[in-house]
Amino acid sequence: MTAFPFDAVGFDLDGTLLDTFRDLGTAVNHALALGGFEPVPVDSSKDLIGGGAKIMLARAVDAQGGLPDEEFRPLYKAMLAYYAEHNAVHSRPYPGALEALDALDAMGVKTAVVTNKFEEFARSILSQLGLADRFVTIIGGNSLGKGPDGSFIAKPAPDPVLAARERCGGGSFVFVGDSSYDVAAARAAQVPVVVAAYGYCDKPPHELGGDAVIDSFGGLIPALRAL
Ligand SMILES: O=C(O)COP(=O)(O)O
Ligand SMILES: [Mg+2]
């Protein structure tokens, strides 16, 4: 078999490595209830995920008329406080994820996580699932601090993907993600990107503009070999 074409693989977290929507949706609904809003059906919370917790709650609140910033902020804080305590109740790796990580390890391929979730939440969930030590680095939506516009430097900016590649040693790198944030970040970082069609894709997976689309984790390594 020919040598594996990548030195390192970066993974998005929500909707790519882990199925997290139930815990995220429950945290959104906790905040919505405090604000006197109707809950979101937990299944449709998948449609809110991708840009991080703040965007997720803002989308849910805006769909019910929105809130001024000073009223939104305490709800957002309450969502974060709730999620800090309840982030791995239902969240699990997708079927085949652990096997794929094992296979990459066995080939000496490094792995990294690049998520728009806050780093402390990503670490907490991955630790509870026994996975935190498997990755060379875990980069969250707040890991690189804020840019000149005052917002966190996160996907779709290329910086977190570039930081992951550098922390993995700077060789050939590929990114795997489920949303337009992932594809845009990888494109801006000029690394190839595989779309996880089983995730929370914010567009039809084949329209996200990835270099390959996989329907399950089992398809990942063959798709990477074929890039
Ligand atoms: O929590 C989110 O909205 C995004 O997280 P992800 O970048 O791991 O998909
Ligand atoms: Mg995602």
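These legends go with close-up views of a predicted model of one protein chain and its ligand.

**View 1. The whole chain, before zooming in.**
Here's the lay of the land: 8 helices and 8 strands make up the secondary structure of the protein chain. With a radius of gyration of 17 Å, close to the 17 Å from the globule rule for 227 residues, the chain is as compact as a globular protein of that length. Laid along its principal axes, the C-alpha trace spans about 60 × 40 × 35 Å. Buried residues make up 44% of the 227 in the chain. As for who touches whom, take the contacts with a separation of 6 or more: 64% of them join residues 24 or more positions apart.

**View 2. Two domains and the contact they share.**
The chain splits into domain 1 (8-20 + 91-226) and domain 2 (21-85). Their C-alpha centres sit 23 Å apart. On the domain 1 side, 14 residues take part in the contact, and domain 2 puts in 10 residues. Look at what domain 1 turns towards its partner and you'll find a mix: 4 nonpolar, 6 polar and 4 charged residues.

**View 3. Inside the largest nonpolar core.**
This core runs to 64 residues, and Val28, Leu57 and Val113 have the most contacts inside it. Helix H1 (residues 21-34) is the top contributor, giving 6 residues. Domain 1 (8-20 + 91-226) and domain 2 (21-85) each supply residues to the core, so it lies between them.

**View 4. Zooming in on Leu57.**
Which residues does Leu57 touch, leaving out those up to four places away in sequence? The answer is Val28, Ala31, Leu75, Tyr76 and Met79. Val28 should ring a bell, as Val28 and Leu57 are both among the residues with the most contacts inside the largest nonpolar core.

**View 5. The shell around ligand 1.**
Ligand 1 has 13 residues around it, and the closest are Leu13, Asp14, Ile49, Thr115 and Asn116. Sorted by class, the shell comes out at 4 nonpolar, 6 polar and 3 charged residues. Why does ligand 1 lie between the domains? Both domain 1 (8-20 + 91-226) and domain 2 (21-85) give residues to its shell, so that is where the ligand lies.

Terms used. Residues are numbered from 1 along each chain as its sequence is written. Chains are lettered from A and ligands numbered from 1 in the order in which they are written. This is a predicted model: local features need pLDDT of at least 70, side-chain atom pairs count only at pLDDT 80 or more; totals for chains, interfaces and linings use all residues. A nonpolar core is a set of buried Ala, Val, Leu, Ile, Met, Phe, Trp, Tyr and Cys residues joined through C-beta atoms within 7 Å. A residue is buried if 20 or more other C-beta atoms lie within 10 Å of its own, exposed if 12 or fewer, and partly exposed in between; C-beta atoms are placed from the backbone. Helices (H or I, at least four residues) and strands (E, at least two) are DSSP runs, numbered from the N terminus. Domain bounds come from an automatic or database domain assignment. Two residues are in contact if their C-beta atoms, placed from the backbone, lie within 7 Å. A residue is near a molecule or strand if its C-beta atom, placed from the backbone, lies within 6 Å of it. Ala, Val, Leu, Ile, Met, Phe, Trp, Tyr, Cys and Pro count as nonpolar, Asp, Glu, Lys and Arg as charged, and the others, Gly among them, as polar. The radius of gyration is taken over C-alpha atoms; the globule rule is 2.2 Å times the number of residues to the power 0.38.
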